[in-house]
Number of protein chains: 2
Amino acid sequence: MATVCISGTLADKLHACAEAGFDGVEIFEPDLLAAPESPEEIAALADRLGLSLDLYQPMRDVEGVDEQAFAAVLRRAEAKFQLMNRLGINLVLCCSNVATATIDDDAVSADQLRRLGDLAEGYGIRIAYEALAWGRFVDDYRRAWRIVELADHPAVGVCLDSFHILSRGHDPAGIAGIPGEKIFFVQLADAPRLSMDVLSWSRHHRLFPGEGDFDLADFTARIVDAGYTGPWSLEVFNDTFRQTDARRTARHARRSLRWLEDAVSRVLPASPDGFEMLPDSAAPSGVDFVEVKAEDTSAIEELLGQLGFTSRGRHRTKPVTLWTAGAARVILNEQHARGWEPRLAAIGLEVDDAEAVDLRMGELRVSRAYRRTYATEERLDGAVAPDGTEVYWAQAADEGDPAWVGEFEHGEAVRATPITHVDHVSLTQPWDAVEEATLFYTAGFALRIDSSTDVPGPRGLVASRVLVAPGGGVRLPLNVAPPILAAERAGVALPQHVAFACNDVRAVARAAREHGFAPLAMPGNYYDDIAARFDLTRAEVDELRELHLGYDRDAAGEYLHFYTRTVGEVFFEFVERVDAYAGYGAGTAPVRLTAQGRR
Amino acid sequence: MATVCISGTLADKLHACAEAGFDGVEIFEPDLLAAPESPEEIAALADRLGLSLDLYQPMRDVEGVDEQAFAAVLRRAEAKFQLMNRLGINLVLCCSNVATATIDDDAVSADQLRRLGDLAEGYGIRIAYEALAWGRFVDDYRRAWRIVELADHPAVGVCLDSFHILSRGHDPAGIAGIPGEKIFFVQLADAPRLSMDVLSWSRHHRLFPGEGDFDLADFTARIVDAGYTGPWSLEVFNDTFRQTDARRTARHARRSLRWLEDAVSRVLPASPDGFEMLPDSAAPSGVDFVEVKAEDTSAIEELLGQLGFTSRGRHRTKPVTLWTAGAARVILNEQHARGWEPRLAAIGLEVDDAEAVDLRMGELRVSRAYRRTYATEERLDGAVAPDGTEVYWAQAADEGDPAWVGEFEHGEAVRATPITHVDHVSLTQPWDAVEEATLFYTAGFALRIDSSTDVPGPRGLVASRVLVAPGGGVRLPLNVAPPILAAERAGVALPQHVAFACNDVRAVARAAREHGFAPLAMPGNYYDDIAARFDLTRAEVDELRELHLGYDRDAAGEYLHFYTRTVGEVFFEFVERVDAYAGYGAGTAPVRLTAQGRR
């Protein structure tokens with residue numbers, strides 16, 4: 001990993017990388033300059049931590065200059081080579097010239113790289129030349145390789161950086177033309193597709209592999225094919241990761257490389273040396289349960305009762321109750337929740353091979369969730385997601401209730417209900433955890449990013465990103481509260497919610513009302529707008545208005561839904577998808593946020 | 001002001017706009033939809049608050065469609081016209097078609113606008129047609145005007161939005177060709193020059209006039225020239241203003257319009273009706289004083305004493321002391337500071353016409369700072385900057401100390417020193433106050449944005465924007481701490497500092513050391529890098545290293561400087577500018593941030 005990826009001092013960064021399981025690091029020069037330790041101390045620390053120092057970077061503006069400027073380059077380079085000897089690093093990154101290039105001529109650049117190579121060789125050092133996406137004359141890896149080929153020097157090779165190549169849309173097929181031994185180094189970064197200048201994009205918005213829009217598995221596989229056998233390093237300039245806890249970010253980064261190792265193994269006909277697949281596991285097929293935790297869960301019980309859930313009784317060994325409606329199961333947990341207002345503490349996912357997910361999570365080094373279980377109780381494996389939510393997985397039941405439901409005693413007779421299952425669970429993410437959460441769910445559970453949107457609320461924009469399991473059995477909108485609310489607990493700033501799918505949401509709403517339920521009140525102006533936008537009859541609009549139902553439509557179908565009030569940090573939604581409606585009522589969400597702001 | 005500019009519910013927004021002194025608002029449709037109040041209630045509230053409702057917006061995708069789609073447009077429009085009648089609004093914004101346009105033909109669009117105009121006329125409503133910068137076929141105001149001209153309907157005119165025109169680089173000269181009475185509405189927004197897609201730029205990064213890179217004075221003057229006499233409205237989509245306190249943002253927005261009114265008056269040969277210049281006032285010529293406030297200022301006194309400042313004694317009526325070195329004056333204030341660690345509480349600026357600044361600040365409706373003064377004491381006028389710093393202004397003294405220095409008693413004899421004056425004052429800004437602060441200093445004191453840069457620190461990037469007075473007598477870097485630190489007090493997250501200019505910074509450092517001063521320690525690696533980068537002699541580098549001096553060079557000169565340790569929330573820097581060096585040692589700042597992180 002490049003030390004620029006994470007926060008802290010250079011020593012902090014080395015500790016964090018070692019603890020996360022990295023084999024080595026690239027030393028980013030500004031990190032060294034600011035460090036109080038001497039180069040020898042840094043080298044000794046890395047050695048003790050078991051980290052190799054694989055690259056010193058960057059050396060800028062070294063070629064394409066006139067002879068007078070090149071003399072200054074050589075003088076500066078020699079000082080850096082001496083420093084690298086003190087650090088024990090034998091590879092340096094030289095970027096294509098951005099600032100001082102005056103000569104647009106491959107032969108001149110090659111000649112200067114060759115002479116730099118001669119100097120480097122005397123210090124036992126090799127040069128990895130990289131085309132920056134915004135290089136003055138050299139901004140394409142294929143041209144960088146042509147120059148290195150022309151230089152024809154054993155100490156001069158190329159560095160390939162996925163960002164510089166894929167951001168420009170340069171075809172990675174050309175990598176096949178570079179002999180593996182002339183690829184001296186590889187830097188990996190993902191990124192979201194953004195239409196902005198490539199320099200700002202690169203400096204602020206890179207992501208770890210698996211979190212953006214680049215096809216890094218293909219990119220990496222091509223380099224394997226070319227015969228490269230050196231380090232695979234992350235170089236991710238990102239405003240968030242620069243400030244978050246270094247140890248946590250390093251673990252997150254290491255996880256992304258493990259994900260990439262798996263993805264590359266699946267692209268190539270045979271796993272290359274040192275690349276291992278993760279244990280196979282299909283995406284989860286559904287939500288097994290959601291758990292709400294609070295010192296006192298009575299207010300939630302009252303709501304669920306009004307909405308037609310059945311109390312399935314109390315757990316035989318814990319202060320935990322179960323409420324179900326169809327295949328929707330809500331656990332209410334009062335254990336170890338002193339002082340807590342209701343919050344969404346855990347979700348359970350149904351998987352086809354719980355053992356494989358368990359092994360997979362182990363390989364990804366996620367933090368494990370712990371549940372005390374007694375003899376005769378079902379074992380439950382889980383992990384702690386980056387936002388603190390516990391995520392459990394269990395073998396899907398063939399039919400009917402899963403076995404663990406039998407651990408609950410003194411329940412009522414199961415009531416019939418139009419409620420069928422959990423449609424989606426909206427998880428509020430701290431702003432600095434959403435990328436990590438994305439990788440957690442995509443790498444761990446094979447969910448995919450389905451859509452991203454900004455929802456305007458009265459206290460700012462809520463950035464929402466929906467993760468779904470192929471097949472649609474699990475849908476997790478991840479919502480990030482506006483920064484002004486950052487000082488609040490995430491669930492207070494922006495409540496979490498569980499949406500239950502219904503066959504007939506109007507019936508659910510009517511029945512609940514008869515049991516004393518009051519939905520979140522939607523304003524009259526909202527219904528006037530629905531009448532103007534959609535060709536609904538007056539009676540249809542009046543019914544929506546009467547039941548406080550939200551309404552949306554897309555090309556594939558319709559969406560009807562209503563919300564409960566918020567209790568603590570959580571609320572519920574009841575939804576009916578007519579035909580193949582694929583969204584989440586984005587048009588209604590701003591109205592809902594305003595209504596919730598009034599409570 | 002468009003209600004979309006600020007946070008809160010629609011009712012909150014109306015109150016905020018009225019309190020800030022706006023005459024009217026544009027109702028942004030989503031704000032109305034989410035409001036619990038009926039249209040009649042909103043109209044009555046606006047009336048009570050003295051706000052006119054000048055525009056309903058937006059109506060989207062109304063023209064360039066086939067006849068079937070246009071029938072639906074008319075149906076939707078009629079419902080909205082009925083709503084507008086209930087609101088008492090007689091002007092609606094229609095945006096050029098983005099989503100549904102299939103016909104790229106001015107005649108078709110004109111015909112459809114004409115028919116929409118017929119329908120609107122029946123409700124007493126007029127249509128302002130606007131070219132969005134990302135319209136499917138119509139994305140240029142000149143084409144929108146051609147279509148309106150073709151439509152030739154009394155109820156159909158254009159809306160001109162500075163963002164949509166200036167973001168695309170469209171020449172505003174064409175405005176002269178539009179009769180003033182056909183310009184139905186004008187929306188104003190500034191923006192920084194960003195190279196990103198224009199939709200994201202527009203939706204997230206607009207600014208209030210005077211805060212970005214657009215020439216809004218010129219733009220507005222052209223519309224005045226065209227004979228427009230309608231409202232001047234702000235439409236500023238900005239992620240920050242959407243979440244900050246609505247009343248504060250509205251005052252800030254109103255101030256930007258006052259600034260623009262002044263700027264337009266200066267562009268036009270004669271001030272148009274209703275446009276008034278601000279009182280003339282040149283930019284400040286220097287820093288009169290800086291004030292550090294704390295329950296106990298002893299640690300600061302010790303530092304200043306070591307660094308060669310003279311104690312000028314105690315104020316005759318307050319627990320306040322004065323320390324000076326050349327024209328640099330530091331006030332230490334222990335009044336009303338219980339529990340405070342040292343922080344930069346106030347700065348005083350020397351101006352050529354204190355009375356004019358005072359009137360100007362009144363026109364800009366800034367919050368006033370209050371200082372109790374007694375008979376025979378100098379009066380001091382001041383304002384509270386958005387970050388809470390008190391900023392005072394006083395007539396520059398012709399020569400020697402300003403008169404207020406005479407209020408301090410029992411001082412020592414003035415010591416000679418190479419320190420000459422305050423070079424710059426770095427003010428840490430909360431992330432949500434930096435735009436408001438920029439306008440405060442540019443509109444209030446005629447400072448200008450000189451440069452912007454991101455400084456990498458061990459806890460994230462520090463965004464820095466330097467404001468300078470033409471002439472360079474006042475330089476204020478505004479620094480924004482990385483968001484991870486947002487929960488901390490700004491000055492704790494990122495200390496503020498005062499930099500003092502010296503004729504001979506080496507002499508200051510040596511003399512201070514003899515008096516027991518220890519500078520902030522700079523690491524050895526930093527000096528190895530200086531040796532590699534600059535052609536300094538070994539003796540010169542050794543001297544820098546010995547004195548812990550930072551070093552930088554630009555095309556115009558050199559910069560030598562050292563830092564004190566941080567005391568509370570403040571530290572000091574001593575700088576020597578050789579020749580015309582114009583920067584602030586940006587290369588050294590990351591090293592300094594790391595060294596400060598270690599304290």
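A polar contact is a pair of N or O atoms within 3.5 Å, where within protein one atom must be able to donate a hydrogen and the other to accept it. Keep that in mind as you work through these exercises on a predicted model.

**Exercise 1. Find the polar contacts made by the side chain of Arg371(A) with the side chains of Glu291(A) and Glu390(A), and say whether Arg371(A) is buried or exposed.**

Solution.
- Step 1: Locate the residue. Arg371(A) sits in the loop between strand S13 (368-369) and strand S14 (381-384) of chain A.
- Step 2: Look at the first partner. The side chains of Arg371(A) and Glu291(A) make a polar contact of 2.6 Å.
- Step 3: Look at the second partner. Glu390(A) also offers its side chain to that of Arg371(A), in a polar contact of 2.8 Å.
- Step 4: Widen the view. Leaving out residues up to four places away in sequence, Arg371(A) touches Glu291(A), Asn333(A), Ala346(A), Glu390(A) and Tyr392(A).
- Step 5: Decide on burial. The relative accessible area of Arg371(A) is 18%, so this residue is buried, the cut-off being under 20%.

**Exercise 2. Work out how chain A can be laid on chain B, and which C-alpha of chain A is nearest the axis.**

Solution.
- Step 1: Superpose the chains. A turn of 180° with a shift of 0.0 Å along the axis lays chain A on chain B, and the RMSD is 0.0 Å.
- Step 2: Interpret the turn. The two copies are therefore related as by a two-fold rotation axis.
- Step 3: Find the nearest C-alpha. In chain A this is the C-alpha of Met196(A), 1.9 Å from the axis.
- Step 4: Compare the contact surfaces. Both copies use the same surface, since 100% of the contact residues of chain A recur in chain B.

**Exercise 3. Describe chain A as a whole: how many helices and strands are there, and what part of its residues counts as buried?**

Solution.
- Step 1: Count the elements. Chain A holds 18 helices and 24 strands.
- Step 2: Picture the box. Along the principal axes, the C-alpha atoms of chain A fill roughly 90 × 60 × 45 Å.
- Step 3: Check burial. Chain A has 599 residues, and 60% of them count as buried.
- Step 4: See how the chain folds back on itself. Among contacts in chain A with a separation of 6 or more, 74% are between residues 24 or more positions apart.
- Step 5: Turn to the surface. The accessible surface of chain A is about 22,400 Å², and carbon and sulfur atoms account for 48% of it.
- Step 6: Count charges. There are 60 positive and 93 negative side chains in chain A, and the centres of these two sets are 3 Å apart.

**Exercise 4. Establish how many residues of helix H9 of chain A are buried, and what covers them.**

Solution.
- Step 1: Count. Helix H9 of chain A spans residues 216-225, and seven of its 10 residues are buried.
- Step 2: Name them. The buried residues of H9(A) are Leu216(A), Ala217(A), Phe219(A), Thr220(A), Ala221(A), Ile223(A) and Val224(A).
- Step 3: Find the cover. It includes three strands of chain A, S5 (156-161), S6 (183-188) and S7 (232-234), together with helices H7 (162-166) and H10 (246-267).
- Step 4: Follow the chain onward. After H9(A) comes Gly227(A), which has a positive phi near 100°.

**Exercise 5. Look for unusual backbone angles: which peptide bond is cis at Pro58(A), and what is phi at Asp61(A) and His336(A)?**

Solution.
- Step 1: Recall the background. Most residues other than glycine have a negative phi, and most peptide bonds are trans.
- Step 2: Examine the proline. The bond from Gln57(A) to Pro58(A) is cis, with omega near -10°, and Pro58(A) belongs to strand S2 (residues 52-59) of chain A.
- Step 3: Check the other copy. Gln57(B) and Pro58(B) are likewise joined by a cis peptide bond, with omega about -10°.
- Step 4: Take Asp61(A). Its phi is positive, about 55°, though it is not a glycine. Asp61(A) lies in the loop between S2 and helix H4 (67-87) of chain A, and at 14% relative accessible area it is buried.
- Step 5: Take His336(A). Here phi is also positive, near 55°. His336(A) is in the loop between strand S11 (328-333) and strand S12 (343-351) of chain A, and its relative accessibility of 60% makes it exposed.

Methods:
Residues numbered from 1 in each chain as written. Chains lettered and ligands numbered in written order. Predicted model: local features only at pLDDT ≥ 70, side-chain atom pairs only at ≥ 80, totals over all residues. Heavy atoms only, no water. Least-squares fit on C-alpha atoms with pLDDT ≥ 70 in both. Contact = heavy atoms within 4.5 Å. Buried < 20%, exposed > 50% of the residue type's maximum accessible area, 1.4 Å probe, protein only. Helix = DSSP H or I, 4+ residues; strand = E, 2+ residues; numbered from the N terminus. Areas by Shrake-Rupley, 256 points an atom, 1.4 Å probe, with all protein chains shown as cover. Lys, Arg positive; Asp, Glu negative; His and termini not counted. Charge placed at Lys NZ, Arg CZ, Asp CG, Glu CD.
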